[in-house]
Protein chains: 2
Amino acid sequence: MAQTRNKFDFEDLLDKHHLKKTSPRLRVLSMMASKSTATSQPDLESVMNDIDRVTLYRILNAFEEKGIIHKVFDLNGTANYAMCSSNCEEHHHHDEHLHFNCTMCKNVYCLDDLHLPPVTLPEGFTTQGFTLYANGTCPKCTKKAAATAKV
Amino acid sequence: MAQTRNKFDFEDLLDKHHLKKTSPRLRVLSMMASKSTATSQPDLESVMNDIDRVTLYRILNAFEEKGIIHKVFDLNGTANYAMCSSNCEEHHHHDEHLHFNCTMCKNVYCLDDLHLPPVTLPEGFTTQGFTLYANGTCPKCTKKAAATAKV
DNA sequence: ATTCAATTGCAATATTATTGCATTTAAAAT
DNA sequence: ATTTTAAATGCAATAATATTGCAATTGAAT
Ligand SMILES: [Mn+2]
Ligand SMILES: [Mn+2]
Ligand SMILES: [Zn+2]
Ligand SMILES: [Zn+2]
């Protein structure tokens with residue numbers, strides 16, 4: 001379940017990062033925060049069809065740089081964006097959680113509380129960060145499939 | 001180090017998958033097999049600039065479907081392709097190894113022998129496969145950086 | 001109220017990917 | 001060895017995704 005945030009939270013968030021409180025930005029924030037899954041670039045674009053596509057790209061890039069959102073590529077290489085729940089800083093993300101990509105509904109879930117087990121890399125490789133991806137069926141789609149099978 | 005394969009291996013490989021042994025396909029195979037890292041679509045295209053870009057896309061898709069190569073997206077969302085070392089079957093890959101993306105040289109390494117630790121998903125999620133990504137500095141770039149620092 | 005830098009919108013361009021169709025070619029059939 | 005055929009390629013057109021430059025607009029500071 002996504003954290004419920006109000007208008008003022010978003011305004012504070014933009015203030016904190018020295019970003020001007022504009023209508024496009026506030027709308028993008030409230031859309032992304034209202035969902036429990038990541039938002040794909042195409043989705044964002046079709047929902048916010050009155051905002052220029054270039055503006056959307058620039059908003060997403062700015063938010064990502066500031067550590068407000070993070071980008072995830074799904075199994076098809078489509079860019080998806082989700083709020084950073086943890087304490088991501090400017091140019092320094094900490095989103096080392098599991099990204100679950102449902103092959104039925106295509107949704108990308110950020111499973112935040114799933115900590116990654118430690119991995120030892122071969123000699124010579126030094127790592128800055130990890131991301132674990134999984135694909136399969138999400139709870140909603142599992143239920144849906146079960147219901148259809150019954151009939 | 002990539003396994004050295006000769007022309008006959010590639011012809012056998014194509015035969016095995018009921019794919020015609022054509023010049024473009026053999027060239028793509030030998031290029032990919034000669035490298036220890038994955039090959040990006042742009043790289044492939046610039047090296048094989050005499051092969052039509054559509055043909056390249058179709059070759060890559062065919063190889064992926066047959067389980068000859070697998071696709072990896074790097075940190076920038078660019079498609080990269082690498083030989084399947086394990087026993088991948090048609091429409092059923094088993095490439096659950098670590099993908100290391102060097103932030104300096106942008107190369108993607110398939111670290112095959114690195115087994116993923118088991119992860120337990122939250123209730124309701126059923127998984128078909130995992131992929132672990134890491135980013136950081138590869139051995140070559142680490143050495144290069146050390147050499148530059150000395151001077 | 002005025003000023004100014006940040007942000008947006010628009011036009012042009014670049015990059016990556018897909019589709020339809022005519023031509024070519026590897027492999028099978030004769 | 002020739003003919004036949006399905007598979008594969010190349011080309012043209014189009015779609016989808018992303019970036020850049022610049023003029024107009026607007027939020028926030030003065
Ligand atoms: Mn996430
Ligand atoms: Mn791999
Ligand atoms: Zn689903
Ligand atoms: Zn490197």
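Which residue stands opposite A:T127 in β6(B)? The legends below describe close-up views of a predicted model, and the first view gives the residue in question.

**View 1. Strand β6 of chain A pairs with β6(B) across the two chains.** The strand of chain A covers residues 126–137, and the pairing with β6(B) is antiparallel. Eleven bridges join the two strands. In this ladder, the residue opposite A:T127 is B:G136.

**View 2. Chain A and chain B meet in an interface that buries about 2600 Å².** The size of an interface is often given as the accessible area lost when the parts come together. Carbon and sulfur atoms make up 66% of the area buried between chain B and chain A. Each chain brings 36 residues to the contact. By the rule applied, zero salt bridges cross from chain B to chain A, whereas ten residue pairs, with both residues at pLDDT 80 or more, are in polar contact. On the side of chain B that touches chain A, the elements giving two or more residues are β4 (98–102), β5 (108–111), β6 (126–137) and α5 (139–150). Of these, β6(B) gives the most, with twelve residues. By class, this side of chain B has 20 nonpolar residues, 14 polar residues and two charged residues.

**View 3. DNA strand D is surrounded by 19 residues.** The closest are A:Y57 from chain A, and B:T22, B:R25, B:T55 and B:R58 from chain B. Of the atoms of DNA strand D that come within 4 Å of the protein, 61% belong to sugar and phosphate. Two side chains of chain B approach phosphate oxygens of this strand: B:R25 with an N or O atom at 2.8 Å, and B:T55 with a polar atom at 2.9 Å. A base nitrogen of DNA strand D lies 3.5 Å from a side-chain N or O atom of A:K20. The surface near DNA strand D takes at least two residues each from α3 (41–47) and α4 (53–66) of chain A, and from α2 (23–34) and α4 (53–66) of chain B. Eight residues of that surface are nonpolar, three are polar and eight are charged.

**View 4. DNA strand C also has 19 residues around it.** Those that come nearest are A:T22, A:R25, A:T55 and A:R58 of chain A, together with B:Y57 of chain B. Sugar or phosphate supplies 59% of the atoms of DNA strand C within 4 Å of the protein, and bases supply the rest. Phosphate oxygens of this strand lie 2.8 Å from a polar side-chain atom of A:R25 and 2.9 Å from one of A:T55. From chain B, an N or O atom in the side chain of B:Q41 is 3.5 Å from a phosphate oxygen. The elements giving two or more residues to the surface near DNA strand C are α2 (23–34) and α4 of chain A, with α3 (41–47) and α4 of chain B. This surface divides into eight nonpolar, three polar and eight charged residues.

**View 5. Chain A contains an open sheet of three strands.** The strand order is β1-β3-β2, with antiparallel pairing. Strands β1 (39–40) and β2 (69–73) of chain A are at the edges with a single partner strand each, so one side of each has no neighbour in the sheet. Five bridges connect β2(A) to β3 (residues 79–83) of chain A. Among the paired residues, A:K71 has A:Y81 of β3(A) as its bridge partner.

How values were computed. Residues are numbered from 1 along each chain as its sequence is written. Chains are lettered from A and ligands numbered from 1 in the order in which they are written. This is a predicted model: local features need pLDDT of at least 70, side-chain atom pairs count only at pLDDT 80 or more; totals for chains, interfaces and linings use all residues. Side-chain values use heavy atoms; hydrogens and water are left out. Contact means heavy atoms within 4.5 Å. Buried area is the accessible area (1.4 Å probe) that two parts lose on being put together, summed over both. A salt bridge is a side-chain nitrogen of Lys or Arg within 4 Å of a carboxyl oxygen of Asp or Glu. A polar contact is a pair of N or O atoms within 3.5 Å; within protein, one must be able to donate a hydrogen and the other to accept it, and residues adjacent in sequence count only if both atoms are side-chain atoms. Helices (H or I, at least four residues) and strands (E, at least two) are DSSP runs, numbered from the N terminus. Ala, Val, Leu, Ile, Met, Phe, Trp, Tyr, Cys and Pro count as nonpolar, Asp, Glu, Lys and Arg as charged, and the others, Gly among them, as polar. Two strands pair if DSSP finds at least two bridges between them. A residue is near a molecule or strand if one of its heavy atoms lies within 4 Å of it.
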